[in-house]
Amino acid sequence: MGLTKQQEAVLRDVDDRDVRFVRLWFPDIMGRLKSVAIVPDELDGAFTEGIGFDGSALEGFSRVIEDDMVLRPDSSTYSLLPWRGEVEPTGRMFCDVLTPDGEPAASYPRNILARTLAKARERGFTFIVHPEMEFYLFRSAELDGKPPVPVDDAGYFDHVNGGTANDFRRSAVQMLESMGISVEFSHHEAGPGQNEIDLRYADAMTMADNVMTFKAVVKEVAISQGVHATFMPKPLAEHPGNGMHTHLSLFEGEDNAFFEAGAEYQLSTTGRQFAAGLLHHAPEIAAVTNQYVNSYKRLWTGHEAPSYISWGRTGTALVRVPQYKSGKESSARIEYRGMDSCANPYLAYSVLLAAGLKGIEEGMELPPEVEDDVWDLSRRERSAMGIEPLPASLSEALRCMENSELVADTLGEEVFDFYLRDKAREWRDYRAQVTAYELDGLYTQT
């Protein structure tokens, strides 16, 4: 099999820029970035034959009896790593993971998203996403049993003269744009040392790759500046957690399927049905969009985190309808606010899309809009309005997920079963811990 024009262009660029190594990137089931480096002489063979590796060594990728897997670089994702500098130019590409006979590996997150996107394409839809990435900057990763110390005491949209966060965001944005990843906004968030960088909208596969790259860039900039960056959902008990609010829309060719002139909020029937699907399946997909024990401490400690299944225009709604920009049909969209920054973007976008498509397929209708802050309503008022809570813990989320045909069909049997087992183990390990909170109570009360 010969090389494509794009693959040939990558080989020429590697040669022209004297690239010394090419890193092949791929995510595991939990969204952790994996990497293997090859020298340029091996790149031709990697394109045509792939690079073999032991899939059974990565949890959830394959069973031991099916351990042989193949990495094949996706030439459309080629970029130079800007932090490697000119001394040792290094390229990177995301990879497809295949079985030895060339079939897409069923358990690989990129393949899972590709399958879900193919279902959308069968209906004529392209899935467009736009995430708002939140993270904290701390002075050190070495805690020694003490709470982390933020790099500043600033708040929402604050400008800090000479502040660490200003220089950090500037460096991170410059690196991202040098890799072809467009940024819309960057600013200080509400928590001390908390920042947000919003990536410009793209199709879901491109954006999932961009999110993985974004996290790597943020970590690299942090190391270079002597600080520690974390996407942990809730690192500080008294301050907001790290969300990954994500704007969603479906396009039919050049037309935004979520736009309808004259409709309420200019949101079409398709958009309303998609939103209804998200609300209906929110408890089932929570273990994917919020995959850690710590995720539920973000959801259930206020600070405008969405704890209840509702929609509207307020900041506490799970599904929010942003303000429509007059004369700009492409801006019609909905925002899913439940997901946190630690989610595996490939799996999370897969279940969000699957839930929305199910809403369209079954003609689901939105419940009444919640115009008030959900947290301001009493339990009786929420009950009367039919507003149900999101899962309050990872354990509860797993119970919802294990009975979900939608999540099982989307992830596939192998990943679905592995995910439930791995997360159940995490919950057991967490439940066995004796925390400082308990010890403080024990010694002061007994």
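This tour goes through the two domains, the contact between them and a set of salt bridges.

The structure is a predicted model, in which local features need pLDDT of at least 70 and side-chain atom pairs count only at pLDDT 80 or more, while totals for chains, interfaces and linings use all residues. Residues are numbered from 1 along each chain as its sequence is written, and side-chain values use heavy atoms, with hydrogens and water left out.

**The two domains**

Begin by colouring residues 5-98 as domain 1 and 114-440 as domain 2, bounds that come from an automatic or database domain assignment. Their C-alpha centres lie 28 Å apart, and the contact (heavy atoms within 4.5 Å) takes 20 residues from domain 1 and 20 residues from domain 2.

The area buried between the domains is about 1,700 Å², of which carbon and sulfur atoms give 67%; buried area here is the accessible area (1.4 Å probe) that two parts lose on being put together, summed over both. Select Ile29, Met30 and Trp83 next, since these residues supply 39% of the area that domain 1 buries against domain 2, more than any other three residues. Across this interface the rule finds zero salt bridges, a salt bridge being a side-chain nitrogen of Lys or Arg within 4 Å of a carboxyl oxygen of Asp or Glu.

On the side of domain 1 that touches domain 2, the elements giving two or more residues are β1 (21-27), β5 and β6 (90-98), where strands are DSSP runs (E, at least two residues) and helices are DSSP runs (H or I, at least four), numbered from the N terminus.

**Salt bridges**

The structure holds 14 salt bridges. Go to Arg110 and Asp74, whose side chains meet in one of them at 3.2 Å, N to O. Arg110 lies in helix α3 (residues 109-122) and Asp74 in the loop between β4 (68-73) and β5 (79-80), so the pair ties together parts that are 36 residues apart in sequence. Both Arg110 and Asp74 are buried, where buried means under 20% relative accessible area, exposed over 50%, and partly exposed in between (1.4 Å probe, protein chains only). Adding Asp96 and Asp209 to the selection shows a network of salt bridges that links these two residues with Asp74 and Arg110.

Move then to helix α4 (residues 164-178), where Arg170 and Asp167 are three residues apart, separated by about one helical turn, and their side chains meet in a salt bridge at 2.8 Å, N to O. Arg170 is partly exposed, with a relative accessible area of 46%, and Asp167 is partly exposed at 37%.
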